[in-house]
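Open the model in your viewer and keep the selection tool at hand. The tour goes from the whole chain down to single residues, then to a pocket.

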Amino acid sequence: PIPKSADDLPPQARTFDGHFKHLYTRCIALGADLLCKDFCLVLQSCKYVMLASSTRVEPGSDSSSGLDTLPVMAAMTLHVVCLASGEVCDRMLFEKDLMHLSH
């Protein structure tokens with residue numbers, strides 16, 4: 001039977017540890033980059049994930065677009081991470097570009 005509420009689940013299924021096992025901790029973003037919390041793409045039979053990090057252009061800087069509605073990034077990096085080991089397999093850097101990854 002399908003549980004109708006969380007109360008119908010066994011106690012171990014109500015916790016994070018009941019569903020996931022912590023395998024490793026890795027620092028993905030480099031320097032002043034921040035991870036994009038809305039972007040994670042699963043690749044190649046669930047063996048890899050693609051994550052993104054970015055550094056924003058400060059308003060009023062020479063690199064600013066002049067349009068407040070377009071968030072221009074100083075740099076955006078795409079990271080390919082192996083799920084089995086946590087190793088960053090590849091990175092691709094895009095500088096002074098506009099990317100919207102939250103869809």
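Start with contacts across the whole chain. Of those between residues at least 6 apart in sequence, 41% join residues at least 24 apart. This is a predicted model. The chain has 103 residues, and buried residues make up 22% of them.

Switch to a cartoon view. You will find zero helices and four strands. From the N terminus on, the order is β-β-β-β.

**Stop 1: the hairpin**

Select residues 34–43, which are strand 1. Add strand 2, residues 48–56. The two strands pair in the antiparallel sense, over six bridges. Pick Leu 34 and look across to strand 2: its bridge partner there is Ser 54. Now go to the turn. Four residues lie between strand 1 and strand 2 in this hairpin. One residue to click is Gln 44, in the turn, with a positive phi of about 40 degrees.

**Stop 2: the nonpolar core**

Which residues form the largest nonpolar core? Select Phe 39, Met 50, Ala 52, Leu 78 and Val 80; these five residues make up that core. Strand 2 and strand 3 are the elements that give two or more residues to this core.

Center on Phe 39. Leave out residues up to four places away in sequence, and Phe 39 touches Met 50, Leu 51, Ala 52, Leu 78 and Leu 101.

**Stop 3: Thr 77**

Move to strand 3, residues 73–82, and select Thr 77. Is Thr 77 buried or exposed? The relative accessible area of Thr 77 is 8%, so Thr 77 is buried, as the cut-off for buried is under 20%. Show the surroundings of Thr 77, setting aside neighbours within four places in sequence. The contacts are Asp 33, Leu 51, Ala 52, Ser 53, Arg 91, Met 92 and Leu 93. Ala 52 is a member of the core from the previous stop.

**Stop 4: a pocket**

Turn on a surface. Rolling a probe the size of a water molecule over the atoms shows where empty space is left. Find the second largest pocket, which holds about 260 Å³ of space.

For the lining, begin with Lys 21, Leu 23, Tyr 24, Thr 25, Arg 26 and Ile 28. Then add Val 49, Leu 51, Val 81, Leu 83 and Gly 86. Color the lining by class: seven residues are nonpolar, two are polar and two are charged. Leu 51 links the stops: it lines this pocket, touches Phe 39 and is in contact with Thr 77.

Notes: Residues are numbered from 1 along each chain as its sequence is written. This is a predicted model: local features need pLDDT of at least 70, side-chain atom pairs count only at pLDDT 80 or more; totals for chains, interfaces and linings use all residues. Side-chain values use heavy atoms; hydrogens and water are left out. Buried means under 20% relative accessible area, exposed over 50%, partly exposed in between (1.4 Å probe, protein chains only). Contact means heavy atoms within 4.5 Å. On a 1 Å grid over the protein atoms alone, a cavity is a set of points where a 1.4 Å probe fits but cannot get out, and a pocket is an open set with protein on both sides within 12 Å along at least five of seven lines; lining residues have an atom within 4 Å of a point. Grid points are joined across faces, edges and corners, and a volume is the space filled by probe spheres set on the points. Ala, Val, Leu, Ile, Met, Phe, Trp, Tyr, Cys and Pro count as nonpolar, Asp, Glu, Lys and Arg as charged, and the others, Gly among them, as polar. A nonpolar core is a set of buried Ala, Val, Leu, Ile, Met, Phe, Trp, Tyr and Cys residues joined through side-chain atoms within 4.5 Å. Two strands pair if DSSP finds at least two bridges between them.
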